[in-house]
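Let's take a walk through this protein together. Please have the sequence and the structure open as you read.

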Amino acid sequence: DHDGQPVRGVCSNYLCDLAAGASIRITGPMGDSFLMPESARIPLLMICTGTGIAPMRGMLQRRLRRDGAQGAPMLLLYGARSRDELPYADELDTCAAPALELRTALSRVPGRPKRYVQQLVDESAARVARLVLEDGACIYVCGLSAMEHEIDAALGRAITAAGRDW
């Protein structure tokens, strides 16, 4: 949290604290949420925080396994409090996919200014606008609900700066 105390996740800690063999009931997204485009030519713009990387990681793995070097560009903007709170950071750092551009923002690194994922959108505004407006990128956002409005505003700034309505 803002005072440096560990934060217990709602789902992860619940699952980890269950007794071995416990039964649980699960429901989840139904329908077409987070479906990837079938075409390898459609770029992906993925914006996430913390464990919001989970669906992005799956899409990256699928795209790289299916399309390899032939796939369209993928821009992953990924934020967390610290490097230790970036799940799969080491895996992503070693990903040798020329189509993948990875940018991270850390908000709780001692002695450094806070950086948030929406700032990555602002810093990459021209790239974001080009991916969306010229290349037809699919946009995926996953993470804390508190970031949704900030991401929407940052995407709006990027598209507006390119002369189009968001």
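What follows looks at a helix, then a loop residue, then a pocket.

Keep in mind that this is a predicted model. A good place to begin is helix 2, which covers residues 53–67 and so has 15 residues by the count given for it. From its first C-alpha to its last, helix 2 reaches 20 Å, close to the 21 Å expected at 1.5 Å a residue.

Now look at which side chains of helix 2 are hidden. The buried residues are I53, M56, M59, L60, R63 and D67. Seen down the axis of helix 2, these buried residues fall within an arc of 125°, so they line one face of the helix. The spacing has a simple background: an α-helix has 3.6 residues a turn, so residues three or four places apart point the same way.

What do the buried residues of helix 2 pack against? Their partners are strand 1 (44–49), strand 2 (74–80), helix 3 (89–93), strand 3 (100–106) and strand 4 (138–142). Just after helix 2 comes G68, with a positive phi near 50°.

Another positive phi, near 70°, belongs to Y88, a residue other than glycine. You will find Y88 in the loop between strand 2 and helix 3, and it is partly exposed, with a relative accessible area of 36%.

Finally, turn to the largest pocket, whose volume is about 1,100 Å³. Of its 33 lining residues, T49, G50, R81, E85 and L144 are the closest to the centre. Helix 1 (10–17), strand 2 and helix 4 (117–123) each give two or more residues to the lining, and helix 1 gives the most, with three. By character, the lining divides into twelve nonpolar, 14 polar and seven charged residues.

Definitions and conventions. Residues numbered from 1 in each chain as written. Predicted model: local features only at pLDDT ≥ 70, side-chain atom pairs only at ≥ 80, totals over all residues. Heavy atoms only, no water. Helix = DSSP H or I, 4+ residues; strand = E, 2+ residues; numbered from the N terminus. Expected span 1.5 Å × (residues − 1). Buried < 20%, exposed > 50% of the residue type's maximum accessible area, 1.4 Å probe, protein only. Arc of directions from axis to C-beta. Contact = heavy atoms within 4.5 Å. 1 Å grid on protein atoms, 1.4 Å probe; cavity = no way out; pocket = protein on both sides within 12 Å on 5 of 7 lines; lining within 4 Å. Points joined across faces, edges and corners; volume = space filled by probe spheres on them. Nonpolar A, V, L, I, M, F, W, Y, C, P; charged D, E, K, R; others polar.
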